[in-house]
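This report walks through a set of local features, from helix packing to backbone geometry. The sequence and the structure come first.

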Amino acid sequence: MISAINNIFRLTTKNTSYIFRVTKFGHLEHIYYGHILDEDAPIKPHILKQTALIGSSVLYDDSDSLYCLDNMCLEWSGFGKGDYRSVASEIKMPDGTFNNDFIYSSYNITKGNIPMKSLPSSYADESECETLEITLNEISNNVSLKLYYTVYYETNIIARRAVLTNNSDTMILIRKLMSLSLDMPNRGYCLTTFDGGWIKEAHKHENELRYGIHINSSTVGASSNRHNPGFLLSEKYSNEDNGNVYGFNLIYSGNHYSAIELSNHDIVRVETGINPMCFEWELNPGESFETPEALMTFSSDGYNGLSANFHDFINRHIVRGDWKGKERPVLYNNWEACFFRFTRGKLLKLARIAKNLGVELFVLDDGWFKNRDNDMAGLGDYEVNKKKLPRGVAEISKKIHGMGMKFGLWVEPEMVNEDSDLFRAHPEYAICTPGKKPAKGRNQLVLDLCNEDVRKYIIENVCKLIDEAGVDYIKWDWNRHISDAYSNSLRRQGEFYHRYILGLYEILDAIFIKRPHILFESCASGGNRFDLGMLMFSPQIWSSDDTDPIERLSIQGGLSYLYPLSVLGAHVSDAPHQQTLRDTPLPTRFNVAAFGSLGYELDLRFLSKVQRKEIKNQIALYKKYRKTLQFGRFKRANRGKDNKVVWHCISEDKKEAVTGFFQTLTKASEGFDILRIPDLEQKKEYITKTRAQSLFIKRFGGLVKHILPVNLDPDGLILRLANRYYAMTDCVEEYTAKGAALADGIMLNNQFIGSYYNENIRLLGDFGSNLYITEEVGCP
């Protein structure tokens, strides 16, 4: 996987090659990153040539009139020696300047990876990866920099990080230290980021790279719902299945920063790491500072190929504990059914219905603890609300277990309300700038995780809660951004944001690493902390508070470029949706949520008989194909029409596939639809069949008069009763074809086009959808 010959380093994965070398002046020059090359392939064709001096250049050394750092592709760049692009480090050195010039000293190759001391990092067996350790020295200041490259062969991932060590006898001050810096010649790259906000997370945005610096960052104290840390660079005309695409991400849950710079001579520089905004880290003699681990990957098979690399890597080398590779249960969460208003009896009634529908995990959300009748009070306390749960949480847990389901609980341990016993006893636990009134979000303050006493308080109470109540699942929320950043525990406040995240990781490690059986779902007002750092502890993350399936096509679709479906929390809720007022069909709500870790979050008590039957069938189908939906090969189809979205999950053995065909808005008298199902065995025969789903009478309103022998009031008693007990079945199609024919495409039946209806017409309309199940002929 890694070779080092004549100061040329080759890092090879199953499908990619990464090459750099040491120059005659000791800098690391990047040569190549792309599809795999022969081991003995000459590097000269790939080297960025410098045969003419560019005007305004500052030469590194008088002995070479063409050696200018500003016009080279580098693996790491210092400051003060002629490179005027964005730099990977800003360090006040022992000599009082910010000038630094890190020169190659040595290398070491190790089987396996080298665990980090202060931060979570990827993991693997020795047979699965190798690590290259490069040592650079800033000789005049006696400071060293180690660059780590861990090569994961099967998943085509290279993990990078940096460790700075102060070997001098004087303190140095770090203002910026990136995890990764990489230069490449521009090939007409497009930058793809995943941006948004609350209830509109991770929307895909594409921008052509132009001269200047493009920033993708967060300043809210978390990885944020505004800009996910992951991003892509793709060559022009790349699509889902074709083209050269690079992907980058960061194993970190705090303020992140990525700079993508296109220089005036068409060199692209990529940097990613901790956000330098308000960051200062004092490094005393003998101390070291570790950056978070960054990931990079490449695929020549378009965005789907790149996503496959990320998906496999996260499932194999990020997710830990008992839930690694384990199918996630179908859950029911009581929040949208109850909000803060519930009783023991109401919860148990919901649980009995949920069990009957096939639910495997019942989750009690916010409102179970003392004085928590709204969002104004109670956060920080763990004493149960006796008015709602007179027999305690443990008794509810026991009842749920007795029904044959697992029991889960919502917590928000990083927050506190002023109206709480904790705040009254320890107001100093809350983050607050001395002499200023703190700003609030959702009527709450943030606890100071830099404070050891706060961390101990959280660990003690959450552990006690889990153990005493017999909890199987924890939903850990974080419902506001950080403001008023200050900690009484810190002498230098520039360390606050990073130390907060270190404190969070310490807490999560203490609680969950010792309890690997707990299914921990991270949440932060939805997807406000959807990152690889949290996935080191939580096998799944709540994608968004927006459960509208049409919005979820963008949210889950965006996240799918970087993260596997097994980690995406996705729920079926009531409609019209609380976040959009959009009224979507129940089958579509399931069809979208099925491409993730499925849950339900609506008031089950008010479901009609036919709705309960539909949900029961949904859950049964999901369980049957759950392994494929959560761990199969996920692929997004190229957009043939602007009102269609098509997703596929193909089983590892290629014996089955599940395809989602989604229509956002209908068009009058629309033309034909083609369904292409990729990646099956070309010569084997398969049956593709539509999942039978319900068409509810109320959706058609007064149009029912066209199929009834008499006119009935669409809002009258007869049709209201009929809607509760009867539903039509949408068009079911079935085709037998070989894998090659399925890849070429099936011509589907007509949609409704305004002129005619029979059982062979697909009734999609606005927000309609179908699931298609494909199975190899002869497979059980």
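In this model, which is predicted, the crossing of helices α6 and α7 is right-handed. The axes of α6 (residues 452-469) and α7 (residues 496-513) come within 10 Å and cross at roughly 25 degrees; since angles under 35 degrees count as roughly parallel, α6 and α7 are therefore roughly parallel to each other. On the α6 side the contact involves Arg455, Ile458, Ile459, Val462, Cys463 and Ile466, and these meet Gly503, Glu506, Ile507, Ala510, Ile511 and Phe512 of α7. By residue class, the contact of α6 with α7 divides into nine nonpolar residues, one polar residue and two charged residues.

A second helix pair has another geometry to describe. Helix α3 (residues 344-357) packs with helix α11 (residues 609-624) at an angle of about 55 degrees, and their axes are 8 Å apart; α3 and α11 are therefore oblique to each other. Here Ile353, Asn356 and Leu357 of α3 make the contact with Arg612, Ile615, Lys616 and Ile619 of α11, and the residues of this contact comprise four nonpolar, one polar and two charged.

Turning to the interior, the largest nonpolar core has 196 residues, of which Leu233, Trp368 and Trp476 touch the most other members. Helix α7 gives the most to this core, with twelve residues. Apart from its neighbours within four places in sequence, Trp368 is in contact with Phe342, Tyr382, Val384, Asn385, Leu389, Val393, Leu409, Trp410, Val411 and Leu465. There is also a second, separate core of 14 residues, which includes Ile650, Ile677, Tyr686 and Leu764. As a general background to such cores, nonpolar side chains in soluble globular proteins tend to be buried together.

Is helix α10 mostly covered or mostly exposed? Helix α10 (residues 586-593) is mostly covered, with eight of its eight residues buried; these are Leu586, Pro587, Thr588, Arg589, Phe590, Asn591, Val592 and Ala593. In the loop between β29 (568-573) and α10 sits Pro576, and the peptide bond that leads from Ala575 to Pro576 is cis, with omega near 5 degrees.

Two further loop residues, neither of them glycine, have positive phi values: Ser224 and Phe767. Ser224 is placed in the loop between β13 (212-217) and β14 (227-234), whereas Phe767 lies in the loop between β39 (746-747) and β40 (769-776). Because buried means under 20% relative accessible area, Ser224, at 3% relative accessibility, counts as buried, and Phe767, at 14%, counts as buried as well.

The table sets out the backbone angles of these loop sites.

| Site | Backbone angle |
|---|---|
| Ala575 to Pro576 | omega near 5 degrees |
| Ser224 | phi near 85 degrees |
| Phe767 | phi near 70 degrees |

Finally, Ser106 is a residue of strand β6 (residues 103-111), and at 31% relative accessibility Ser106 counts as partly exposed. Leaving out neighbours within four places in sequence, the contacts of Ser106 are Glu133, Ile134 and Thr135. Between the C-alpha atoms of Ser106 and Phe194, which are 88 residues apart along the chain, the separation is 38 Å.

Methods. Residues numbered from 1 in each chain as written. Predicted model: local features only at pLDDT ≥ 70, side-chain atom pairs only at ≥ 80, totals over all residues. Heavy atoms only, no water. Axes fitted to C-alpha atoms, helices over the stretch in contact; angles between N-to-C directions. Helix = DSSP H or I, 4+ residues; strand = E, 2+ residues; numbered from the N terminus. Parallel < 35°, antiparallel > 145°, perpendicular 65-115°, else oblique. Left-handed = near helix turned anticlockwise from the far one by under 90°. Contact = heavy atoms within 4.5 Å. Nonpolar A, V, L, I, M, F, W, Y, C, P; charged D, E, K, R; others polar. Core = buried A, V, L, I, M, F, W, Y, C linked by side-chain atoms within 4.5 Å. Buried < 20%, exposed > 50% of the residue type's maximum accessible area, 1.4 Å probe, protein only.
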